[in-house]
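Me: I've got a structure open and a pile of "why do they call it that" questions. Can you walk me through the reasoning behind the labels?

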Amino acid sequence: MADKILVFYGSYRSDRMGIRLADYVVAGLKARGAEVELIDAKAVDLPMLDRMYKEYPKGEAPPALEALAEKIRTADAFVFVTGEYNWGPQPGLKNLTDHFLEEWFWRPAAIASYSAGRFSGVRSGSIWHAILSEMGMVVVSSTLAVGPISQTLDADGQPTGPAGDALQRAFPRFADDLAWWTEAARAQRERKAPPY
Ligand SMILES: Cc1cc2nc3c(=O)[nH]c(=O)nc-3n(C[C@H](O)[C@H](O)[C@H](O)COP(=O)(O)O)c2cc1C
C-alpha cells in the first residue's frame, strides 16, 4: 500500500521562495512511490482562526475545512515545509494547522526548513518541532535544512549548484526515516486502536 503523505507549505507572499522546496519534496516522495499531495495554505486560504474544525457541529464546517480534515485524518504521514520569519514559523502555516488537533494524532511528521540565509530556517524548524509534538504527531529526527534557498533550488524546484547536490544527498535519509516511522505507526494503529 502506498504511503499517503501530505506536504504542507504556508507562505502567502507574492514572491515566495519556499514553494521550490515544497515542489522538490513532493516530487522526491512521489518518485519513491508515495501518494503525495501538496497542501498550499495560500491556495486553501482558511480565514484567521475563528472556530477550530471540531468546534463546528458535525457536517456544518465550511467545505474547505471539511475537505482538509478528511485529508488529514486519512493521511499516513505529514511533511511541513517551514520557512522562517523573525526566527519563527510562518503565520500562514500556523493558522492552517491550528484549525485542527485530534485530526493530526498518531502519525509521524517531518520538517524541511529553509530560509534566504545560511541558517536554513533551523530556528523556525526547532520551534515547529515543538508545535507538532503538542499537536500529537511524532516528529522524526531527520530534517532537511535548505539555505540559501535561491542557491539550492531553481524556480522549477530542481537542485542547483553545490547546495543542491548536498540537498540531493540528504533527501534519501530524510525520506527513509519518515517511511520507517510511517510503516511503524500504521502497523501499530492496525494492531491496537489509539487510546484516545
Ligand atoms: C517577515 C520576514 C521575516 C524574516 N525573518 C527571517 C529570519 O528570521 N531568518 C532568516 O533566515 N530569514 C528570514 N527572512 C527571510 C526569509 O528566509 C526569506 O524571505 C524566505 O524566502 C521566506 O520564505 P517564503 O519566500 O517562502 O515566504 C524573513 C523574511 C520575511 C518576509
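Reply: Sure, here are some labels and the reasoning behind each; keep in mind that this is a predicted model.

Me: What makes β4 and β5 a pair?

Reply: Two strands pair if at least two bridges are found between them. Strand β4 (residues 108–114) and β5 share six bridges in the parallel sense, so they count as paired. You can find two of the partners yourself: Pro108 stands opposite Val138 in β5, and Tyr114 has Val146 as its bridge partner.

Me: Why are β2 and β5 called edge strands?

Reply: The strand order is β2-β1-β3-β4-β5, with parallel pairing in an open sheet of five strands. Each of β2 (35–40) and β5 (138–146) pairs on one side only, and that's what the name refers to. From one strand to the next, the twist averages 20°.

Me: How do you know that α1 packs on the sheet?

Reply: Contact means heavy atoms within 4.5 Å. Helix α1 (residues 19–31) touches β1 (4–9), β2, β3 (77–82), β4 and β5. Its direction makes about 165° with that of β2. Helix α3 (residues 63–74) packs on the sheet too, touching β1, β2 and β3, and its direction makes about 130° with that of β1.

Me: What makes the contact between Ser11 and the ligand a polar one?

Reply: You need a pair of N or O atoms within 3.5 Å. A polar side-chain atom of Ser11 lies 2.6 Å from an oxygen atom of the ligand, so the pair qualifies. The backbone gets involved as well: a polar backbone atom of Asn86 is 2.7 Å from a ligand nitrogen atom, and a backbone N or O atom of Ala116 lies 3.0 Å from a ligand oxygen atom. Taken alone the ligand exposes 610 Å², and the protein buries 75% of that.

Me: Which residues are closest to the ligand?

Reply: Of the 15 residues that surround the ligand, the closest are Tyr9, Ser11, Met17, Asn86 and Tyr114.

Me: Why does Trp87 get singled out for its phi?

Reply: Most residues other than glycine have a negative phi. Trp87 is not a glycine, yet its phi is positive, about 70°. You'll find Trp87 in the loop between β3 and α4 (91–98).

Me: And what makes the bond from Gly147 to Pro148 worth flagging?

Reply: Most peptide bonds are trans. The one from Gly147 to Pro148 is cis, with omega near -10°. Pro148 lies in the loop between β5 and α6 (161–191).

Terms used
Residues are numbered from 1 along each chain as its sequence is written. This is a predicted model: local features need pLDDT of at least 70, side-chain atom pairs count only at pLDDT 80 or more; totals for chains, interfaces and linings use all residues. Side-chain values use heavy atoms; hydrogens and water are left out. Helices (H or I, at least four residues) and strands (E, at least two) are DSSP runs, numbered from the N terminus. Axes are lines fitted to C-alpha atoms, for helices over the stretch in contact, and angles run from 0 to 180 degrees between N-to-C directions. A residue is near a molecule or strand if one of its heavy atoms lies within 4 Å of it. A polar contact is a pair of N or O atoms within 3.5 Å; within protein, one must be able to donate a hydrogen and the other to accept it, and residues adjacent in sequence count only if both atoms are side-chain atoms. Accessible areas come from the Shrake-Rupley method with a 1.4 Å probe; for residues, only the protein chains shown count as cover.
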